[in-house]
Amino acid sequence: MRKAVAASFMLGLALVSIRAQSPTVPRPYDAAREKRLEWFREAKYGMFIHWGLYAIPAGEWKGQRCLGLGEWLMNRCKVPVTEYEQLTKQFNPTKFNPDDWVQLAQDAGMKYMVITSKHHDGFALFKSSVSPYNVVDATPYKKDLLKQLADACARRGMRLGFYYSQSQDWHEKDGAGNTWDFGPDMAPDGKTELKKYDDYLRGKAEPQVKELLTSYGPVALIWFDTPRNMAGERGQRFTDIVRKIQPNTLIDGRLGTEGDYRSTGDNVIPPEASTEAWETPATINDTWGFRKDDTNWKSPGQVAFKLVDIVSKGGNYLLNVGPTAEGIIPQASADVLRTVGRWLKANGDAVYDAGTSPFGAEFGEYTSKDAKDVRGQKLFLANNEWRVTTKPGKLYFTFFVEPRTPFEIPAMKNKLLRAYRLADKAPIPLKTENGRTTFEMSRPMLDPMATVVVVEYEGTHVEKLVPPEGGEW
Ligand code: JFZ
């Protein structure tokens, strides 16, 4: 059952028309961008929220299971606009409490939130004067969900960003993606557009992005997605809107023209570190929008590993929850987030504002065989025992399993000063023999989920030792 969902998800991935940009290709330095990115680089961990009409069917249409991502139901089951629209009459999330959501994000140790303002189905969670297909004008609930969340975020000092599907809009005859009501987007030549795409962009997407930037206070970022036919000046038009109204708002990596940071493929963590700002959007189960049949929750340990893995490679982790139609974030996902949050309370120094690994061998290595991964690239054999993050003069070794004893600190020129456990500050003796420094951690490990050992060294940055000619250490 779960396999079928996963398989259709993989197919969905293969069909996505963009390739995620590699976060390892450096871009020219841009001082204004670096300034905008300052908070983002410190924050490391954010909450993604996929919420919309699709939470009502929750993966089932007319008594039939509709496979795939919850928020793709309309597309996967080819639901006509006139039928899907009827969901608005049932959308009444009376249990929505924006303060609870922000509190959850804060308990989880997350530093920003990003919510779907309008997903591919075209329905807006905010009052819009350009389309009545929105929560205020079309539902019995009648209240602006984004306004309530923005107010709660402002009260509690949480940054808020908006996901906005700029290209796909299955509700509109000239938006991209709805082939079952409105026919193909493109002629068979793959170049000629068959819909009046600019009418949609100028009539709905651009003015709605303006509304988002005008009516909800400071917007941390706009998370554009699945760029289709965004070449030329179309992407630039969105950039101009963002820069003009809120120059500090970040643009993600899926606008179609260059954004402020790179977005990886969904759930994809690259095998190497990069100094470019980047972010992995990820699910906590196997769907973004709520599906009642998906309880494949990642464990707290898996989430903690991914977070530290991503931070040690220079990225951010945007982890998703999918609230129910009533407005509840599923308890199981909240529990996972709070468990990781408790770990972060004691170990957050290893995460927030932390720098990348100065080593890299701990990530794993490419196979020496001819094996390929699901994307057809050379297989990377990840090593998940430990990761290292940094602050000036400090290395944070996070162990996810008990390390081999003694654990050898990778060779470096700097003099090592002392080591201690981060969570309780218990000192750990360092032993140096023949130029190699080791330590032994007491067993069982303090926190079986992840235990952090801080190693302090002389100087602010690690100076690597070059391996002896022709050899390895
Ligand atoms: C997109 C959406 O279609 C999906 O519903 C969800 O909102 C997700 C966060 O983003 O799906 C994508 C987009 C890009 C890739 C994969 C799935 N990609 O680059 O691999």
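A polar contact here is a pair of N or O atoms within 3.5 Å. Keep that cut-off in mind as you look over this predicted model, because it shows why the 2.9 Å between a polar side-chain atom of W72 and an oxygen atom of the ligand counts as such a contact. Welcome to a short tour with two stops: the ligand and its surroundings, then a small group of strands.

**Around the ligand**
- The ligand is surrounded by 15 residues, and the closest are H50, E71, H119, H120 and D225.
- Sorted by class, this shell holds six nonpolar, five polar and four charged residues.

**Polar contacts to the ligand**
- R254 places a polar side-chain atom 3.2 Å from an oxygen atom of the ligand.
- For D266, the distance from a polar side-chain atom to an oxygen atom of the ligand is 3.3 Å.
- On its own, the ligand has 450 Å² of accessible area, and the protein covers 97% of that.

**A sheet of three strands**
- Strands of a sheet pair through backbone hydrogen bonds, either parallel or antiparallel.
- In this model, three strands make an open sheet, ordered β15-β19-β18, with antiparallel pairing.
- At the edges are β15 (407-408) and β18 (430-433), each of which pairs on one side only.
- Strand β19 covers residues 436-439 and is joined to β15 by two bridges, with the two strands running antiparallel.
- To find one bridge yourself, start at E408 and look for its partner in β19, which is T438.

Conventions
Residues are numbered from 1 along each chain as its sequence is written. This is a predicted model: local features need pLDDT of at least 70, side-chain atom pairs count only at pLDDT 80 or more; totals for chains, interfaces and linings use all residues. Side-chain values use heavy atoms; hydrogens and water are left out. A residue is near a molecule or strand if one of its heavy atoms lies within 4 Å of it. A polar contact is a pair of N or O atoms within 3.5 Å; within protein, one must be able to donate a hydrogen and the other to accept it, and residues adjacent in sequence count only if both atoms are side-chain atoms. Accessible areas come from the Shrake-Rupley method with a 1.4 Å probe; for residues, only the protein chains shown count as cover. Ala, Val, Leu, Ile, Met, Phe, Trp, Tyr, Cys and Pro count as nonpolar, Asp, Glu, Lys and Arg as charged, and the others, Gly among them, as polar. Two strands pair if DSSP finds at least two bridges between them. Helices (H or I, at least four residues) and strands (E, at least two) are DSSP runs, numbered from the N terminus.
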